[in-house]
Amino acid sequence: MYDINITPSYTQITLQQKITSLSAAQPTENNKRAFMRYVNEYMYENHYFDLFEKIVSYRVNEIHQAQDPDAPRGNLYTTLTSPLAESIIGIRPFKDHPSLFLYIERIAMAFYGDILMCWAEFKAFQISEQARVNLQAHHEERQVPAEMENVSEMYRYEVVEDIRNDERLFLTSHSPYPMTLSLANVLINLETFVKQQHWYEMLYYLDISASGEHFILYQDVGGNTPLLLSSALIQRYDQHDNWLTFDPFFQTDNWTLTLSNEKIHTLEKSGVFSNRLKNKINTKSVEKFDYSLLRTVTQKQAVCEIIRMAISGPREKLNHVLYLTLKYLTMKLADIGLEVAYTIVEQPSILGFYQSVNNDSNNILPYVSICKQQVAGTALTTYQGIVFTGPMSQAFEENSFRDYNKRIVSMRKLARASANA
């Protein structure tokens with residue numbers, strides 16, 4: 001969907017020469033753009049639409065074969081930036097693939113640091129190019145996103161049943177061209193999860209962000225095209241076979257259950273799960289607990305999973321956009337009857353606010369963490385949990401942005417004091 005069919009203007013030999021000539025070039029913006037154009041044309045001329053997938057998969061297999069079989073397998077980023085990877089990538093030729101692949105890999109490393117970031121930048125280039133071509137086809141004027149500090153505070157939010165069918169155009173902070181909601185959402189997902197958080201596995205599954213039910217937050221910036229600030233994918237109970245919560249990665253022994261009597265009491269009192277829950281759940285493992293809890297759901301229409309919450313905008317505004325997204329998303333879910341939202345969260349600020357609200361709650365917890373895992377190579381801990389949107393939306397309505405930040409700071413101080421005790 002995101003491959004741009006630009007009519008080639010060079011022969012195959014000329015394209016190869018142009019690509020290989022960049023291996024000695026400096027990583028200027030002009031050279032980067034030229035590289036993207038040439039690679040895109042080469043892909044279309046030779047039907048290598050999965051060129052980057054082929055390069056990455058080949059290198060991952062090569063690295064795994066060279067590893068100790070008992071060594072832990074990391075994610076794409078840790079695998080392809082490891083010391084072992086440095087002795088292979090850009091050095092060893094590709095068997096059964098064109099020799100040009102090695103040049104593309106070397107240029108990717110020189111221009112972008114590694115092949116994964118280059119792949120992400122290439123996807124963003126294709127999306128922006130598609131928006132540009134669509135704009136020219138409709139004879140519309142190019143629009144540049146306004147500086148957020150110079151625009152009105154006119155924020156709007158809604159739930160779109162399927163963003164693939166939405167024909168409105170949106171601006172983003174990552175492209176000068178307005179584009180359909182579907183494309184804009186994929187682009188901010190690329191920026192938020194792939195380029196910023198190095199979640200490169202998502203590059204194989206970008207199409208998930210191009211369709212389906214989404215919450216969106218956007219801002220009027222003058223003219224007819226609003227600025228998309230954030231989004232989140234809503235997957236209802238009848239889609240639970242596709243929930244990230246039940247992905248094998250989130251069911252392993254690396255995750256530790258964080259249950260308590262208070263949490264189980266909250267689940268029982270919600271009215272969404274069965275009574276006498278203790279007798280119906282299996283706590284022998286995260287997997288057994290997750291599936292046993294799901295079987296106790298009595299109000300299926302009230303349950304969903306929220307994933308891929310992408311936040312976009314200037315760095316100095318991101319914390320405010322995050323607050324607005326959490327607030328309006330929670331309020332909107334409660335408003336449309338989605339009382340229980342399964343979530344996977346690792347951002348300390350979100351977790352700090354949730355914990356602070358829990359500390360002030362009597363009887364019913366607005367947030368219940370089910371299990372946690374330390375993120376390899378970082379100081380972050382990821383939590384799988386449940387947000388009860390009714391009480392949590394009330395908490396957001398009672399806490400301004402300043403209050404939200406105060407709660408987060410307070411929880412950080414408590415955490416440091418506890419660690420030093």
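**Exercise 1. K332 and its partner**

Task: Decide whether K332 is buried, partly exposed or exposed, and find which residue forms a salt bridge with K332.

Solution. Start with the surface. K332 has a relative accessible area of 22%. Buried means under 20% and exposed means over 50%, so K332 counts as partly exposed. Keep in mind that we're working with a predicted model here.

Next, look for the partner. D335 forms a salt bridge with K332, and their closest N and O atoms are 3.9 Å apart. The cut-off for a salt bridge is 4 Å, so this pair makes the list.

Now place the two on the chain. Both D335 and K332 sit in helix α11 (residues 318-335). They're three residues apart, about one turn of the helix.

Last, check the other end. D335 is exposed, because its relative accessible area is 59% and the bar for exposed is over 50%.

**Exercise 2. A pair from distant parts of the chain**

Task: Work out which elements hold E62 and R92, and how many residues apart they are.

Solution. First, the contact itself: E62 and R92 form a salt bridge, with 3.6 Å between the closest N and O atoms. Then the location: E62 belongs to helix α3, while R92 is in the loop between α5 (83-86) and α6 (100-112). That puts them 30 residues apart, so the pair links distant parts of the chain.

How about exposure? E62 is buried at 13% relative accessible area, whereas R92, at 36%, is partly exposed.

One more step: follow the shared partners. Salt bridges join R59, E62, R92 and E105 into one network. If you'd like the total for the whole structure, there are 15 salt bridges.

**Exercise 3. Another long-range pair**

Task: Find where R236 and E213 lie, and say which class of exposure R236 and E213 fall into.

Solution. Begin with the distance. The side chains of R236 and E213 meet in a salt bridge at 2.9 Å, N to O. R236 is in strand β5 (residues 227-236), and E213 is in the loop between α8 (181-195) and β4 (214-219). The two are 23 residues apart.

Now the accessibility. R236 comes out at 29%, so it is partly exposed. E213 comes out at 13%, so it is buried.

**Exercise 4. Where two domains meet**

Task: Describe the contact between domain 1 and domain 2, starting from how many residues each one gives.

Solution. Step one is the bounds: the domain assignment gives domain 1 as 15-135 and domain 2 as 151-420. Domain 1 puts 19 residues into the contact and domain 2 puts in 17. The C-alpha centres of the domains lie 32 Å apart.

Step two is the area. About 1700 Å² is buried between the domains, and carbon and sulfur atoms give 76% of that. On the domain 1 side, L76, Y77 and I127 lose the most area to domain 2, together 27% of what that side buries.

Step three is the polar side of things. There is one salt bridge across the interface. Four residue pairs are in polar contact there.

Step four is the elements. On the side of domain 1 that touches domain 2, α3 (51-66), α4 (76-80) and α7 (115-137) each give two or more residues. The most come from α7, with 13 residues. By type, that side has 11 nonpolar, four polar and four charged residues.

**Exercise 5. Two residues to compare**

Task: Say whether T389 and D253 are buried or exposed, then look at what surrounds T389.

Solution. T389 is in helix α13 (residues 389-398). At 2% relative accessibility, T389 is buried.

What's around it? Beyond neighbours within four places in sequence, T389 contacts T330, L333, A334, L338, E339 and A341. The T389 side chain also reaches the backbone oxygen of L338, at 2.8 Å.

Now turn to D253, which is found in the loop between β5 and β6 (256-257). D253 has a relative accessible area of 75%, so it is exposed. Finally, check a spacing: the C-alpha atoms of D253 and V286 are separated by 7.5 Å, although these residues are 33 apart along the chain.

Key:
Residues numbered from 1 in each chain as written. Predicted model: local features only at pLDDT ≥ 70, side-chain atom pairs only at ≥ 80, totals over all residues. Heavy atoms only, no water. Domains from an automatic or database assignment. Contact = heavy atoms within 4.5 Å. Buried area = accessible area lost by both parts, 1.4 Å probe. Polar contact = N/O pair within 3.5 Å; in protein donor to acceptor, adjacent residues only side chain to side chain. Helix = DSSP H or I, 4+ residues; strand = E, 2+ residues; numbered from the N terminus. Nonpolar A, V, L, I, M, F, W, Y, C, P; charged D, E, K, R; others polar. Buried < 20%, exposed > 50% of the residue type's maximum accessible area, 1.4 Å probe, protein only.
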